[in-house]
Amino acid sequence: MTKLSQFSLKIPEEQVALHPVNHRDEARLMVLDRKKGTIEHKQFKNVIDYFSDGDIFVFNDTKVFPARLCGNKEKTNAYIQVFLLRELNPELRVWDVLVDPARKIRIGNKLYFGEDNSMVAEVIDNTTSRGRILRFLYDGTHESFKKDLFELGRAPLPDEFLKLRDVEPEDLEDYQTIFAKNEGAVVAPAASLHFSRELMLRMQIKGINPTYLTLHAGLGNFAMIDVEDLTKYKMDSERVIVNENVVKDVNVAQENGHKICAVGTTVMRALETAVCTDGKIKPYDGWTNKFIFPPYDFSVASAMIANLYGSKSQLLMMAAAFGGYEFVMEGYQEAIKEKYRFGIYGDAMLII
């Protein structure tokens, strides 16, 4: 399945979730059993019913930072929006960003943020048609700079989502997993948003072990694929850290015949990046631009939790690669029929 058009879906706009459910683990869960060919409808809190003592869930512990800044351009006072992508030089306060509208933002321009213009940045380079490199003009420690900068920021919800509603204060908490630890993502690992502290405790009681890797998810997760032939598409690179602890947990579980559940597409991409030819994973600290679509032979995970993703998205393609193209697309049609909620705050799918 290497054609973009094969992943086209007609998802009713009213089924795009604009807010999360009141309790994270009470979203709906569609369970696709590949061996039985069955589709079940559950609540997310029932996900652990499909796992046993000794099985492991692999989570992404990346932490989303408030990457959207609203400000004004010097002299003209024109409204601008800056999306922080990554910090390039902490000592010099230099960041790689996207600017919108970008047409009139040039090298040397100063941009002002905050009600009293308390944060000032200077454009020092143009990288792409929308991209810029900013140097923030700030006296103080790096810690106080990051604190002040992030207090001005808003949750980095995807552009397509923001066509349906504005960013709200609650999004800073809602668009973050309960175990977020390592700052660096501008996209939340959405499949993990369904896990509550109560559910994690029930997992522990049942003997299902959590383990954590880090992949700082970027905007490439929501990029529009612009080629029909998927073999010609190139993913943006993302930073991955797979440490010794998760390597030991995954490899021991694999050796003992336990289930390994990849929670989300970012975890699956990280595992498939760190895997060796013998099917075991090794420590990895680097970058990945792995693009997974059908057909693909997975080496590590025996189960996957995914959200219900958008039409023609690389996230949908990865789920289809793992669950089988026809089976997963059948599940999506079922989800549309049964009024499941789609998107970052939507319902979930378990593929076993």
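V58 stands opposite A262 in strand β14. Strand β3 (residues 56-60) is joined to β14 (residues 260-263) by three bridges, and the two run parallel. The model is predicted, so local features need pLDDT of at least 70 and side-chain atom pairs count only at pLDDT 80 or more, while totals for chains, interfaces and linings use all residues. Residues are numbered from 1 along each chain as its sequence is written, and side-chain values use heavy atoms, with hydrogens and water left out.

Strands (E, at least two residues) and helices (H or I, at least four) are DSSP runs numbered from the N terminus; two strands pair if DSSP finds at least two bridges between them. Nine strands form an open sheet of mixed pairing, in the order β2-β1-β17-β16-β14-β3-β12-β13-β15. Its edge strands, β2 (38-43) and β15 (284-288), each pair on one side only.

The pairings of β17 are as follows.

| Partner of β17 | Sense | Bridges | Citation |
|---|---|---|---|
| β1 (residues 28-33) | parallel | four bridges | β1 with β17 |
| β16 | antiparallel | four bridges | β16 with β17 |

Within β17, A348 is the bridge partner of L29 and also of N307. A348 and L350 point one way from β17, whereas M349 and I351 point the other way, and all are buried (under 20% relative accessible area, 1.4 Å probe, protein chains only). In a regular strand the side chains alternate between the two faces of the sheet.

Helix α7 (residues 314-323) lies across β16 (303-307) and β17 (348-351), running at about 150° to β16. Such angles run from 0 to 180 degrees between N-to-C directions, with axes fitted to C-alpha atoms, for helices over the stretch in contact (heavy atoms within 4.5 Å).

Conventions: Buried means under 20% relative accessible area, exposed over 50%, partly exposed in between (1.4 Å probe, protein chains only).
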